[in-house]
Amino acid sequence: MKLKKFAAALSAFVMAMCCVSCDKNKEKDTDTQLPVVSSGSVSDIITPEEGSEEYELGNYRVSGNNIKLYYEDEIPTELMLALEEYFLTIQNEDYDGYISALFPDYVERYSKYLEEQYSDTIEGSDTYTMKNSFETQCANVRQILIDSLMYESDTDEEFTGDFKITRIRGERPLLEEGETLDDRIDSFFDYLKEIFGTDYRDYVEKNSDGIECLTFFVIAEDETGEEIKIVNDMNIFFAKKDGKYYTFG
């Protein structure tokens, strides 16, 4: 696996990772084989071998999907696994899994919004659905990878845009001067307030156990075996309901 381009392109990510705190349960990473972890859980913190390329990226945990998760103890493991679950649905083009990762009421409202606003844009179909939106989202990620590979390729090789998520970093948002986390949450829910015609943040807070915001990075291995960023420094919001984290997207 090639890591040089990945390491060079993520200097800010590396600096953040080097600040991850130590843990008494740390294991030594041999950079050869990931631990076997049961579904829905993570390994103890792993420390890469000093001097290795992995070492620059910092400590991590491994999920049951063999994805390296980089996060500090203040972030719930269940929240990171929800973030992982969401992006695996895009990797695997798993529409049913995607729907189950979304806040249930959001699915109902956004489905209605899409049908009303975009149905006339679909040829041969009377209704624009959440599935249409999801398929477009998956296709956009693949196209970004295809464009990147074609730009770097010296041949006329055709690419599929297939990828496999290898690393996910989650951290608390870095707020601007004078900005609060409440402001950041408001800025997201203002959009949903507009399209749903109701104070949707108020609705979610009254029908959940609270809202979480993460800034995140997603790294994947493309079809050539190179690691590449597919998401960099973006925010995502979750609501916890009945012990499960759901997102809106």
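Phe189 is buried, with a relative accessible area of 2%; buried here means under 20% relative accessible area, exposed means over 50%, and partly exposed lies in between, with a 1.4 Å probe and protein chains only. This residue belongs to a predicted model, in which local features need pLDDT of at least 70 and side-chain atom pairs count only at pLDDT 80 or more, while totals for chains, interfaces and linings use all residues. Residues are numbered from 1 along each chain as its sequence is written, and side-chain values use heavy atoms, with hydrogens and water left out.

**Confidence and overall make-up**

The pLDDT is the predictor's confidence in each residue, from 0 to 100. Its mean for the protein is 87, and 85% of the residues reach 70 or more. Over residues 1-31, however, the pLDDT is below 50, although this stretch has 70 contacts in the model beyond near neighbours in sequence; a contact means heavy atoms within 4.5 Å. Where pLDDT is low, the predicted coordinates should not be read in detail.

The protein contains 8 helices and 8 strands. These elements are DSSP runs numbered from the N terminus, with helices (H or I) of at least four residues and strands (E) of at least two. Of the 249 residues, 44% are buried. Among contacts between residues at least 6 apart in sequence, 59% join residues at least 24 apart.

**Aromatic pairs and charges over rings**

The whole structure holds 22 aromatic pairs. Rings of Phe, Tyr and Trp (its six-membered ring) pair if their centres lie within 6.5 Å; planes under 30 degrees apart count as stacked, over 60 as edge-to-face and the rest as tilted. Two of these pairs are set out below.

| Pair | Centre distance | Plane angle | Class |
|---|---|---|---|
| Tyr60 and Tyr70 | 5.6 Å | 50° | tilted |
| Phe189 and Phe248 | 5.5 Å | 75° | edge-to-face |

Tyr60 lies in the loop between β2 (46-48) and β3 (61-62), and Tyr70 lies in strand β4 (residues 68-70), so this pair ties together parts that are 10 residues apart in sequence. Tyr60 is buried at a relative accessible area of 1%, and Tyr70 is buried at 0%.

Phe189 sits in helix α7 (residues 181-196) and Phe248 in the segment after β8 (244-247); the pair links distant parts of the chain, 59 residues apart. Phe248 also counts as buried, with 7% relative accessibility.

Rings also meet charged groups. A charge sits over a ring if NZ of Lys or CZ of Arg is within 6 Å of the ring centre and within 35 degrees of the ring normal. The charged end of Arg61 is placed over the ring of Tyr71, 4.3 Å from its centre. Likewise, the charged end of Lys244 lies over the ring of Tyr246, at 5.3 Å from its centre.

**The sheet and its turns**

Six strands form an open sheet in the order β3-β4-β5-β6-β7-β8, with mixed pairing. Strands β3 and β8 stand at the edges with a single partner strand each, so one side of each is left without a neighbour in the sheet. Two strands pair if DSSP finds at least two bridges between them.

At one edge, β3 and β4 are antiparallel and share 2 bridges, with Val62 opposite Lys68 in β4. The loop between β3 and β4 contains Asn66, which is partly exposed at 44% relative accessibility.

What is unusual about the phi of Asn66? Most residues other than glycine have a negative phi. Asn66 has a positive phi of about 60°, although it is not a glycine.

At the other edge, 4 bridges join the antiparallel strands β7 and β8, and Lys241 stands opposite Lys244 in β8. These two strands form a hairpin with 2 residues between them, and Asp242 in the turn has a positive phi of about 55°. Asp242 is exposed, with a relative accessible area of 73%.

**Helix α6**

Helix α6 (residues 130-152) has 23 residues, which should span 33 Å at 1.5 Å a residue; its end C-alpha atoms are 34 Å apart, which agrees. The expected span is 1.5 Å times one less than the number of residues. The buried residues of α6 include Phe134, Cys138, Val141, Leu145 and Leu149. An α-helix has 3.6 residues a turn, so residues three or four places apart point the same way. Among the elements that cover the buried residues of α6 are α3 (77-91), α5 (104-118) and β6 (211-222).
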